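Subject: A structure to look through

Dear colleague,

I am handing over a structure that I would like you to read slowly, with the picture open beside this message. My notes on what was found follow below it.

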Amino acid sequence: MQFGIFTVGDVTRDPTTLTTPSEHERIKATVAIAKKADEVGLDVFATGEHHNPPFVPSSPTTLLAYIAAQTEHLLLSTSTTLITTNDPVKIAEDFSVLQHLCDGRTDVMLGRGNTGPVYPWFGKDIRAAIPLTVENYQLLRTVWDDEVVSWSGKFRAALQGFTLAPRPLDDVPPFVWHASIRSPEIAELAGYFGDGFFANHIFWPPSHTQQQVELYRQRFADYGHGAPEQAIVGLGGQIFMRRNSQDAVREFRPYFNEAPVYGHGPSLEEFTRETPLTVGSPQEVIERTLGFREYVGDYQRQLFLIDHAGLPLKTVLEQLDLLGEEVVPVLREEFAKGRPANVPDAPTHASLLAAKEAADTAPKAEPQSAPTTSKDDQA
């Protein structure tokens with residue numbers, strides 16, 4: 001399994017000091033957090049993409065390339081890249097360059113985004129979000145997979161004789177995760193292409209995550225990519241730790257109460273009871289996280305959100321020390337126990353390259369019919 005962190009890049013006032021970092025300070029803090037994640041032995045750092053205040057990561061590949069130059073081991077990802085409002089050709093170009101710069105230490109997480117005004121800013125219609133997702137991803141795959149592309153679709157100008165430059169490193173595109181909070185169509189898309197499925201697993205109860213992952217696993221198998229348990233699954237999660245659980249609750253409560261993402265709603269106790277948010281000791285985080293396997297099966301990637309809601313950099317770095325020293329080593333050991341031999345490891349550039357070399361010598365299968373979309377674009 002891979003363990004890491006993801007950020008949404010929010011610029012939020014610290015409710016205990018009443019100070020708000022500048023955009024410059026928040027970006028620099030994000031880099032410091034990623035470097036610390038590498039230092040304590042985590043596997044993955046992922047950044048979101050937003051184009052509106054109070055968020056700063058509007059250019060994820062720029063940020064990841066800068067971080068790549070200052071880290072040694074981290075796999076650098078997004079959480080998410082907006083497949084709806086970005087040009088898929090530009091996504092392919094940006095990630096090809098990033099691949100070459102970081103020697104393959106990257107993959108990409110694609111999602112629709114949840115900020116309505118972004119769509120018209122980039123000339124798109126939010127009512128077409130699902131069809132946009134399907135068409136744009138099919139074009140992205142075509143640009144990655146074919147040397148010369150001639151293509152036409154509904155939402156973008158046609159391509160004639162286009163060749164991606166640079167080509168992906170070793171002609172192996174980054175591994176793709178399709179991220180979803182609520183849309184079954186995204187699980188369908190991931191299953192059709194045999195890609196990874198990342199369940200946000202933050203705001204919804206476990207039963208919802210279980211339903212989404214089970215759908216994806218079944219469609220992965222239906223499209224001939226392997227048994228359901230061989231599907232590639234990632235989960236998000238939110239944690240806040242102190243060595244004493246009462247201290248964690250007391251310290252985190254003012255941040256929870258004022259956070260834009262979940263403040264002014266259910267209480268902290270209600271939220272931690274009904275969703276995977278865990279506020280407590282390292283042992284409580286370990287026990288809660290190990291419990292995820294009970295309803296999603298053996299999975300490949302676990303990312304934690306730890307730097308949101310106005311938490312100061314010093315506190316976030318302390319969270320990373322606890323993750324690296326006390327939590328992740330135990331999770332690695334415990335998740336490995338009883339893991340079936342046919343459950344694949346988390347994908348890396350090296351494993352994808354090996355799979356490509358093996359596939360190049362194997363007979364080609366007949367393509368399946370492409371997934372369809374319903375009229376309900378916002379399901």
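Before anything else, one term is needed: a residue is called buried when its relative accessible area is under 20%. Please also keep in mind that this is a predicted model.

With that cut-off in hand, you can start at helix α6, which covers residues 184-193 and in which 8 of the 10 residues are buried, so that the helix is largely enclosed by the rest of the structure. The buried residues are Glu185, Ile186, Ala187, Glu188, Leu189, Ala190, Gly191 and Tyr192. What do these residues of α6 pack against? Their partners are α5 (129-145), β8, β9 and α7 (206-222). Just after α6 comes glycine 194, which takes a positive phi of about 70°.

Two of those partners, β8 (residues 176-180) and β9 (residues 196-199), are themselves paired, in the parallel sense and over 4 bridges. Within this pairing, tryptophan 177 has glycine 196 in β9 as its bridge partner.

Both strands belong to an open sheet of 9 strands with parallel pairing, whose order is β3-β2-β1-β13-β10-β9-β8-β5-β4. At the edges stand β3 (75-78) and β4 (81-82), and because each has a single partner strand, one side of each is left without a neighbour in the sheet.

If you follow the chain through one end of that order, you meet β1 and β2, which run parallel and are joined by 4 bridges. Isoleucine 5 stands opposite phenylalanine 45 in β2, and the chain gets from β1 to β2 by way of α1, in a β-α-β crossover that is right-handed. The next step resembles a continuation of the path: β2 and β3 also run parallel and are joined by 4 bridges, with valine 44 standing opposite leucine 75 in β3. Here the chain passes through helix α2 (residues 60-68) on its way from β2 to β3, and this β-α-β crossover is right-handed.

Two helices lie across this part of the sheet. Helix α1 (residues 23-39) lies across β1 (2-7) and β2 (44-47) and runs at about 175° to β1, while helix α12 (residues 313-336) lies across β1 and β13 (301-305) and runs at about 140° to β1.

It helps to remember that in a regular strand the side chains alternate between the two faces of the sheet. Are the two faces of β2 covered or uncovered? Both are covered, since Val44 and Ala46 on one side and Phe45 and Thr47 on the other are all buried.

Leucine 75, which is found in strand β3, is buried as well, with a relative accessible area of 11%. Leaving out residues up to four places away in sequence, leucine 75 touches Gln2, Asp43, Val44, Phe45, Arg105, Thr106, Asp107, Arg301 and Pro347.

A second residue to look at is threonine 278 in strand β12 (residues 278-280), which is buried with a relative accessible area of 7%. Its side chain reaches the backbone oxygen of proline 276 at 3.1 Å. Once its neighbours within four places in sequence are set aside, threonine 278 is in contact with Gln238, Ile239, Phe240, Glu284, Val285 and Arg288.

Finally, there are the aromatic rings, of which a search of the whole structure finds 11 pairs. Phenylalanine 256 and phenylalanine 271 have ring centres 5.6 Å apart and planes at 65°, so this pair is edge-to-face. The pair links distant parts of the chain, with phenylalanine 256 in helix α8 (residues 245-258) and phenylalanine 271 in helix α9 (residues 268-274), 15 residues apart. Phenylalanine 256 is buried, with a relative accessible area of 0%, and phenylalanine 271 is buried too, at 9%. The rings of phenylalanine 292 and tyrosine 295, by contrast, have centres 6.2 Å apart and planes at 55°, so that pair is tilted; both of these residues are buried. Ring pairs also link Tyr137, Tyr192, Phe193 and Tyr223 into a cluster, and Tyr192 brings you back to α6, where it is among the buried residues.

With best wishes

Terms used: Residues are numbered from 1 along each chain as its sequence is written. This is a predicted model: local features need pLDDT of at least 70, side-chain atom pairs count only at pLDDT 80 or more; totals for chains, interfaces and linings use all residues. Side-chain values use heavy atoms; hydrogens and water are left out. Two strands pair if DSSP finds at least two bridges between them. Contact means heavy atoms within 4.5 Å. Axes are lines fitted to C-alpha atoms, for helices over the stretch in contact, and angles run from 0 to 180 degrees between N-to-C directions. Buried means under 20% relative accessible area, exposed over 50%, partly exposed in between (1.4 Å probe, protein chains only). A crossover is right-handed if, with the strands pointing away from the viewer, the path from the first strand over the helix to the second runs clockwise. A polar contact is a pair of N or O atoms within 3.5 Å; within protein, one must be able to donate a hydrogen and the other to accept it, and residues adjacent in sequence count only if both atoms are side-chain atoms. Rings of Phe, Tyr and Trp (its six-membered ring) pair if their centres lie within 6.5 Å; planes under 30 degrees apart count as stacked, over 60 as edge-to-face and the rest as tilted.
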